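Work through these exercises with the model open beside you. Each task is followed by a stepwise solution.

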Amino acid sequence: VLLSIDQTPHEEILHAADLRAGGATGGSAGALTVDTLQARMYIRPTDEIKPAIAFAIDATAIALPSRYRWALGPTISSLRLDGSLLGPFPATPDITARAAAWRNGGGALQLGKASLHWGPLGLSGNARLGLDQQLQPDGDANLRATGYDDTLDAMAKAGVLSPSAALAAKALLSLLAQPGDKGKPAAVEVPLRLRHSTLFMHDIP
């Protein structure tokens with residue numbers, strides 16, 4: 001669907017429960033289900049050529065396809081995304097030209113607030129993403145993570161990380177962690193930067 005620049009401001013609201021996606025050919029093992037989903041999208045022109053889409057998404061009890069083994073467990077407890085999509089949406093069928101025009105017009109995806117709770121892992125933060133000159137993703141994010149010790153242990157147990165890599169990561173994160181207040185778990189701030197298809201953490205690729 002192509003969004004035209006003369007579109008009048010309007011709001012779309014979705015409330016849904018017991019959603020199911022996929023699994024048509026692979027049976028229930030390939031399905032993803034969501035217990036509750038609330039989504040709100042507001043399209044508003046910011047000027048003659050730069051509309052913006054503001055959105056808020058809340059989902060709970062996201063059951064991942066059971067045919068795969070998930071290191072942090074088969075269910076994402078909650079996911080929240082609050083953000084906006086900025087930039088022009090040219091009415092051209094050529095996706096490369098559309099992406100270039102969006103980038104050249106200051107296009108960006110901004111996440112003002114994002115949070116995820118999956119097994120032992122708790123993540124929250126914000127991000128801004130755009131496209132570089134090669135139309136590859138480019139941006140920065142600031143994340144706050146809790147439960148990283150148990151998360152790394154689970155990833156090592158599932159074979160996602162080697163035990164030595166998990167141990168080294170735990171040692172590094174423990175040095176960066178801040179103690180929690182009033183019984184809250186320790187948290188670590190993780191600045192991320194994506195440049196030239198390389199992800200940096202604390203300026204380390």
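A polar contact is a pair of N or O atoms within 3.5 Å; within protein, one of them must be able to donate a hydrogen and the other to accept it. The model is predicted. Keep both points in mind for Exercise 1.

**Exercise 1. Two residues of strand 4**

Task: Find which side chain is in polar contact with that of aspartate 82. Then decide whether aspartate 82 is buried or exposed.

Solution:
- Step 1. Locate the residue. Aspartate 82 sits in strand 4, which covers residues 75–86.
- Step 2. Look for the partner. The side chain of arginine 80 makes a polar contact of 2.9 Å with that of aspartate 82.
- Step 3. Apply the cut-off. Buried means under 20% relative accessible area. Aspartate 82 has 17%, so it is buried.
- Step 4. List the cover. Residues up to four places away in sequence set aside, aspartate 82 touches Phe55, Ala56, Ile57, Gln110, Leu111, Gly112 and Lys113.
- Step 5. Repeat for serine 84, also in strand 4. Its relative accessibility is 9%, so serine 84 counts as buried. With the same sequence neighbours left out, its contacts are Ile53, Ala54, Phe55, Ala108, Leu109 and Gln110.

**Exercise 2. The buried side of helix 1**

Task: Which residues of helix 1 are buried, and what do they pack against?

Solution:
- Step 1. Helix 1 covers residues 95–104; Ala100, Trp102 and Arg103 are buried there.
- Step 2. Check their directions. The three span an arc of only 160° around the axis, so they are on the same side of helix 1.
- Step 3. Identify the packing partners. These are strand 4, strand 5 (108–118) and strand 6 (121–131).
- Step 4. Inspect the start. A side-chain oxygen of aspartate 94 comes within 3.2 Å of the backbone nitrogen of threonine 96.
- Step 5. Inspect what follows. Glycine 106 comes after helix 1 and has a positive phi, near 85°.

**Exercise 3. The buried side of helix 2**

Task: Explain why the buried residues of helix 2 line one face.

Solution:
- Step 1. Recall the geometry. An α-helix has 3.6 residues a turn, so residues three or four places apart point the same way.
- Step 2. Name the buried residues. In helix 2 (residues 148–157) they are Tyr148, Thr151, Leu152 and Ala154.
- Step 3. View down the axis. The buried residues of helix 2 fall within an arc of 160°, so they line one face.
- Step 4. Find the cover. It includes strand 6, strand 7 (137–146), helix 3 and strand 8 (187–195).
- Step 5. Move past the helix. Helix 2 is followed by glycine 159, with a positive phi near 85°.

**Exercise 4. A surface patch and a histidine**

Task: Which residues form the nonpolar patch on the surface, and which residues does histidine 202 contact?

Solution:
- Step 1. The patch consists of Leu172, Leu175 and Leu176, with about 290 Å² of accessible area together.
- Step 2. Take leucine 175. It lies in helix 3 (residues 163–176). Its relative accessibility is 71%, so leucine 175 counts as exposed.
- Step 3. Turn to histidine 202, in the segment after strand 9 (198–201). Histidine 202 is partly exposed, at 36% relative accessible area.
- Step 4. Relate the two regions. The C-alpha atoms of histidine 202 and leucine 172 are 12 Å apart, with the residues 30 apart along the chain.
- Step 5. Read the contacts. Beyond its neighbours within four places in sequence, histidine 202 contacts Leu176, Glu189 and Pro191.

**Exercise 5. Positive phi outside glycine**

Task: Where do alanine 61 and serine 197 lie, and what is phi in each?

Solution:
- Step 1. Set the background. Most residues other than glycine have a negative phi.
- Step 2. Alanine 61 has a positive phi, near 50°. It lies in strand 3 (residues 51–63). Alanine 61 is partly exposed, at 29% relative accessible area.
- Step 3. Serine 197 has a positive phi of about 65°. It lies in the loop between strand 8 and strand 9. Serine 197 counts as exposed, at 57%.

**Exercise 6. The whole chain**

Task: How many helices and strands does the chain have, and what percentage of its residues is buried?

Solution:
- Step 1. The chain has 3 helices and 9 strands.
- Step 2. Their order along the sequence is β-β-β-β-α-β-β-β-α-α-β-β.
- Step 3. Of 205 residues, 26% count as buried.
- Step 4. The chain exposes about 12500 Å², with 60% supplied by carbon and sulfur atoms.

Conventions:
Residues are numbered from 1 along each chain as its sequence is written. This is a predicted model: local features need pLDDT of at least 70, side-chain atom pairs count only at pLDDT 80 or more; totals for chains, interfaces and linings use all residues. Side-chain values use heavy atoms; hydrogens and water are left out. Patches are made of residues with over 30% relative accessible area and no salt bridge: like charges are joined within 9 Å, nonpolar side chains (Val, Leu, Ile, Met, Phe, Trp, Tyr) within 5 Å. Accessible areas come from the Shrake-Rupley method with a 1.4 Å probe; for residues, only the protein chains shown count as cover. A salt bridge is a side-chain nitrogen of Lys or Arg within 4 Å of a carboxyl oxygen of Asp or Glu. Helices (H or I, at least four residues) and strands (E, at least two) are DSSP runs, numbered from the N terminus. Buried means under 20% relative accessible area, exposed over 50%, partly exposed in between (1.4 Å probe, protein chains only). Contact means heavy atoms within 4.5 Å. The arc is that of the directions from the helix axis to the C-beta atoms.
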